[in-house]
Every structure is written in structure tokens, then in C-alpha cells.
Amino acid sequence: LAQLADDDDATSMPLGQLEFTLEYDSDAMALDGVVVMATQLPIVRGRAPTTIVHVTLFPGQHYKFQTGLKREEAGPRFDESFRFGVVDLDELVVNGLLQFRVCHSDWLRTEELIGWFDVHLGDYGKERLCDGVRETRLLSSPSLLRKTSSMSSQSSFCETPLSSAHDLGDEKTPD
């Protein structure tokens with residue numbers, strides 16, 4: 001398992017991966033998806049993270065979905081479905097962006113961002129979205145979210161980055 005050290009190192013260290021599926025339902029005019037699983041997540045304070053995934057569809061009505069918590073698992077399996085209804089396929093292909101955020105939740109239910117990525121739905125095209133997509137993507141550093149994502153300021157999910165050395169433990173057990 002990876003362990004985060006500080007914000008500078010976080011851009012080059014592996015932060016894990018997230019597997020998901022997407023499919024457009026033409027009859028219902030809805031985008032269906034499944035958050036399948038996360039893998040290779042970093043150690044947080046000496047333990048595997050307690051993980052939650054947030055999915056947001058931009059632009060427009062800001063559809064949002066969140067998985068349930070998976071406690072202290074480095075490779076949590078979610079298999080949780082979401083549906084963003086009454087979405088025009090042409091609009092999705094031209095402007096649609098899904099943002100996935102993988103967060104650690106502590107015992108106070110404070111969420112800290114482990115990593116994230118954006119999915120530009122136009123990259124798939126209409127036919128592929130209707131046929132269905134299954135993909136695994138690497139998580140990007142929380143510091144990159146603040147620098148590159150125009151949508152980050154519009155989402156309220158896990159804004160605090162998990163990247164400072166005092167927040168992260170190592171893999172050794174205390175003596």
C-alpha cells in the first residue's frame with residue numbers, strides 16, 4: 001500500500017484507482033453508473049482508509065451521488081449504482097463531465113480528499129455511452145484538483161486534501 005508524505009510528493013505518488021461503469025438509457029433519458037471498487041489506496045494514519053466516493057455530474061442541475069462508507073479497506077468493493085435522470089444525450093456528449101472524488105472519512109465524519117478524476121463524457125461518444133463503458137482510472141492528487149478543475153469550486157464534497165505529513169501515519173505499528 002502507498003503512503004502519502006507531503007503535498008509535493010503527492011503529485012507523483014500512487015493514490016489508488018477507481019473502477020466504474022457508465023451507460024446511457026435512451027428510453028429513460030438517464031445516465032446510469034456503478035462505482036465498482038477502489039484499489040491500491042494509501043495508508044492513512046497507519047491504517048487503510050475508511051472510504052467514501054462522491055460522483056457529481058456537471059453542468060446544469062449538479063446531480064450528486066455518494067457511496068456508503070467502507071471501513072479500513074485498501075481495496076473496498078462498493079458495487080453501488082447511481083442514476084442521473086432526465087439527461088439529454090446530445091447535451092451529455094457536448095458538455096457532460098463526471099467528477100469522481102475518493103475520500104477518507106474519520107470517526108468525526110470529517111472527509112478528506114484522497115484523490116479524484118474527471119470523466120469528459122464526450123470522449124466516449126454517443127454510441128459507446130449507449131453500449132456501456134467499464135473503466136479503471138488512476139486517482140489524481142488533491143493539489144491538482146485545486147489547480148486544474150474549473151468545477152472543483154462548485155462541488156462541496158470532501159474539499160480538504162489528505163496530503164500533510166502530520167495527518168498520515170506510516171505502515172509500522174506503534175511500539
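**Briefing: core, sheet and salt bridges**

Valine 119 touches Phe20, Leu22, Gly96, Leu97, Leu98, Phe100, Tyr124 and Arg137, leaving aside residues up to four places away in sequence. The model is predicted. The chain holds 4 helices and 9 strands. Of its 175 residues, 48% count as buried.

**Overall layout**

- Along the sequence, the helices and strands follow the pattern α-β-β-β-β-β-α-β-β-α-β-α-β.
- Many contacts span long stretches of sequence: among contacts with a separation of 6 or more, 68% join residues 24 or more positions apart.
- The chain exposes about 8700 Å². Carbon and sulfur atoms supply 47% of that area.

**Nonpolar core**

- In soluble globular proteins, nonpolar side chains tend to be buried together.
- Here the largest nonpolar core has 30 residues. Which of them touch the most other members? They are Leu18, Val35, Val55, Leu98, Phe100, Val119 and Leu121.
- At least two core residues come from each of β1 (17-25), β2 (30-39), β3 (51-58), β5 (77-84), α2 (89-95), β6 (97-105) and β7 (111-120).
- β1 gives the largest share of this core, with 4 residues.
- Val119 links back to the opening contact list: Leu98 and Phe100 are among the residues that it touches.

**The four-stranded sheet**

- An open sheet is built from 4 strands in the order β5-β2-β1-β8, with antiparallel pairing.
- Why do β5 and β8 (133-138) count as edges? Each has a single partner strand, so one side of each is left without a neighbour in the sheet.
- On average, neighbouring strands of this sheet are turned by 20° against each other, ignoring direction.
- In a regular strand, side chains alternate between the two faces of the sheet.

**β1 with β2**

- The antiparallel pairing of β1 and β2 runs over 9 bridges.
- Glutamine 17 stands opposite threonine 39 in β2.
- Tyrosine 24 has leucine 31 of β2 as its bridge partner.
- These two strands form a hairpin with 4 residues between them. Methionine 29 sits in the turn and has a positive phi of about 50°.

**β2 with β5**

- β2 and β5 run antiparallel and are joined by 6 bridges.
- Leucine 31 has phenylalanine 84 of β5 as its bridge partner. Leucine 31 is also the partner of tyrosine 24.
- Is β2 enclosed or open to the surroundings? Of its 10 residues, 7 are buried, so β2 is largely enclosed by the rest of the structure.

**Salt bridges**

- Side chains of opposite charge can pair when their charged atoms come close.
- How many salt bridges does the structure hold? There are 8.
- Arginine 83 and aspartate 32 meet through their side chains at 2.5 Å, N to O. Arginine 83 belongs to strand β5 and aspartate 32 to strand β2, so this pair ties together parts that are 51 residues apart in sequence.
- Arginine 83 is partly exposed, at 45% relative accessibility. Aspartate 32 is partly exposed too, with a relative accessible area of 21%; under 20% would count as buried.
- Arginine 47 and glutamate 72 form a salt bridge at 3.3 Å, N to O. Arginine 47 is in the loop between β2 and β3, and glutamate 72 is in the loop between β4 (63-66) and β5, so the pair ties together parts that are 25 residues apart in sequence.
- Glutamate 72 is partly exposed, with a relative accessible area of 44%.
- Arginine 77 forms a salt bridge with aspartate 79, and their closest N and O atoms are 3.1 Å apart. Arginine 77 is partly exposed at 43% relative accessibility. Aspartate 79 is partly exposed, with a relative accessible area of 43%.
- Asp25, Asp32 and Arg83 are joined into one network by salt bridges that share partners.

Conventions
Residues numbered from 1 in each chain as written. Predicted model: local features only at pLDDT ≥ 70, side-chain atom pairs only at ≥ 80, totals over all residues. Heavy atoms only, no water. Core = buried A, V, L, I, M, F, W, Y, C linked by side-chain atoms within 4.5 Å. Buried < 20%, exposed > 50% of the residue type's maximum accessible area, 1.4 Å probe, protein only. Contact = heavy atoms within 4.5 Å. Pairing = 2+ DSSP bridges. Axes fitted to C-alpha atoms, helices over the stretch in contact; angles between N-to-C directions. Salt bridge = Lys/Arg side-chain N within 4 Å of Asp/Glu carboxyl O. Areas by Shrake-Rupley, 256 points an atom, 1.4 Å probe, with all protein chains shown as cover.
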